[in-house]
Amino acid sequence: MRRRALLAAGFAASAAPAAGAAVPCFEPRGTGDLMVIVERARGALVVAESTHCTVVGRIEGLGDLSHASMVFSRDGRFAFVFGRDGGLSKVDLLEQRIVARIVQAGNAIGGAISNDGRIIAVANYDPGGVRLFDANSLSPLFEVPAIGADGTRSKVVGLVDTADGGFAFSLYEAGEIWLLERPDGTRAQLTKFAGVGSLPYDGNVTPDGRFYLAGLFGEDGLVLVDLWHPEAGPRRILDGYGRGQVPLPVYKMPHLEGWAAAGANLFLPAVGRHEVLVVDRKHWQEVARIPLLGQPVFVVVRPDGREAWVSFAPPHNGTVQVLDLEHLTVAETLAPGRAILHLEFAPRGDQLWLSARDDDRVLVIEPRSRRLLAALPADKPSGIFSTARAHRIGS
Amino acid sequence: MRERARAAVSVLVLVGLGDARASAVAQEAVTSARRAELVQLLRHDCGACHGLWFKGGLGPPLLPETLAEKDPEALVLTVLEGRPGTPMPPWKAFLSEEEARFLVALLRAGRVP
């Protein structure tokens, strides 16, 4: 019993940078309850666990983590962290140390891991394109420069893994969607769809991996590619959802989260309109729109699909709204903290983790009662990533 | 008061004579408490697109070397009115002209606290 306690203390203490510690001093544990929090200004990660809601460690030295995101190895032990400065870091969540790190581009936005866990793909703004790396060593495999049909190089956005082992992504300036199949270097094949619409700003796949969906900034609408039938080409949906009205200013670009699907519907943040658009996933028609108090940024569905939580762009980022997905209404408006942006559910929906950037803490809320379960200290927290993402397509 | 004078002087030195008068005026017009709010907005809200360290993202870099060639008053106008056809929104609902001028001066000097 005593030994156990000591080992547990050792695990917590390994939060400090491991000074050449050869022998990991942690109790054997899984990673399934870990939440990894980005401290963007500090260039660090906080590793927390959702069983007792405690911080188990911090990993420093990850560079510029503005808009950072991460994916996980299939065993849930390693996080691959994508920094704004082109940094790609492989982090051991158990030993809480960086095991490999490269700076692979000048400016990057995110990345994905192939469904076999072997390839990391990074979406780069500068130089615009996708670079692929061996997930074990981070050694480079090859590059796909994002040169559109008009010959100009584009920033790459909305890079996700697809169910066939490849990747899908969008070219921001060129307005194209590309599919990269068999990304093993020798048999790789690119399928390009040009002229899909103006300024695709993000993209994601539906949770089943079948449909790739890109949101457009320059037009009211989204673009859909059926990955079962890419030969059918891209299809516009929700065309003209703004109904010709002048868009409202957008003080923070929305995100498309793969999780924003429940039952027959998909829930998408409108751009320049204070609404969530509800789309029927069978016919891709608008079912309803739910009026909100501001420009939605994240729309995240509780894993049981009954409610969704929405965060907002400034100046409404002190507020979140809870949507009733059965009746397609706003169930509740809450003000849990200052500068709330990122929302992440525990895998089975018993907790919602929110980053309150300007309060320097992460809030853990019981999503049904909205009761505060815990508040964890974090320095300007932004993204929160559950290791459960290791087992989801498109995350 | 002394701190404010010193800040104004350092901006004067860094941005050169062209911007000096405008920067000094901008510094004087913005109270110290409001300056902290503005720096927070610059770092985190502008930084959402332009990068926390202003090295660029979906929006272009806002580093002294990328802004040096540009007319500071045109930059102030961009901040207040936005850039139609791009994701750059108008910030005039949150910023006065003096405040926008203060932020532009900080960026051009590379001196965002």
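Strand β2 of chain A, covering residues 44-49, is mostly covered, with six of its six residues buried. Keep in mind that this is a predicted model. If you follow the side chains along β2(A), A:Ala44, A:Val46 and A:Ala48 point one way, while A:Leu45, A:Val47 and A:Glu49 point the other way. Whichever way they face, all of these residues are buried, A:Glu49 included.

Now for the neighbours of β2(A). Strand β1 of chain A (residues 34-39) runs antiparallel to β2(A), and six bridges join the two. One pair to look for is A:Ile37, whose bridge partner in β2(A) is A:Val46. Strand β3 of chain A (residues 54-59) also pairs with β2(A) in the antiparallel sense, this time over five bridges. Here A:Leu45 has A:Ile59 as its bridge partner in β3(A).

Both pairings are hairpins, and each has a residue with a positive phi. The table puts the two turns side by side.

| Hairpin | Residues between the strands | Residue with positive phi | Phi |
|---|---|---|---|
| β1(A) and β2(A) | four residues | A:Gly43 | near 70° |
| β2(A) and β3(A) | four residues | A:Cys53 | about 55° |

So much for that end of chain A; further along there is another sheet. What is the strand order in this open sheet of four strands? The order is β20-β21-β22-β23 in chain A, and the pairing is antiparallel. The edges are taken by β20 (261-262) and β23 (286-291) of chain A, and each has a single partner strand, so one side of each is left without a neighbour in the sheet. For β20(A), two bridges make the link to strand β21 of chain A (residues 265-269), and these two strands run antiparallel. Within that pairing, A:Ala261 has A:Leu266 in β21(A) as its bridge partner.

Over to chain B and helix α5, residues 97-109. Is it enclosed or exposed? Of its 13 residues, 11 are buried, so α5(B) is largely enclosed by the rest of the structure. Among the buried residues are B:Phe102, B:Leu103, B:Val104, B:Leu106 and B:Leu107. The buried set also includes B:Glu99, B:Arg101 and B:Arg108.

The length of α5(B) checks out too: at 1.5 Å a residue, its 13 residues should span 18 Å, and the end C-alpha atoms are 18 Å apart, which agrees. Just after the helix comes B:Gly110, with a positive phi of about 65°.

Conventions: Residues are numbered from 1 along each chain as its sequence is written. Chains are lettered from A and ligands numbered from 1 in the order in which they are written. This is a predicted model: local features need pLDDT of at least 70, side-chain atom pairs count only at pLDDT 80 or more; totals for chains, interfaces and linings use all residues. Side-chain values use heavy atoms; hydrogens and water are left out. Two strands pair if DSSP finds at least two bridges between them. Buried means under 20% relative accessible area, exposed over 50%, partly exposed in between (1.4 Å probe, protein chains only). The expected span of a helix is 1.5 Å times one less than its number of residues.
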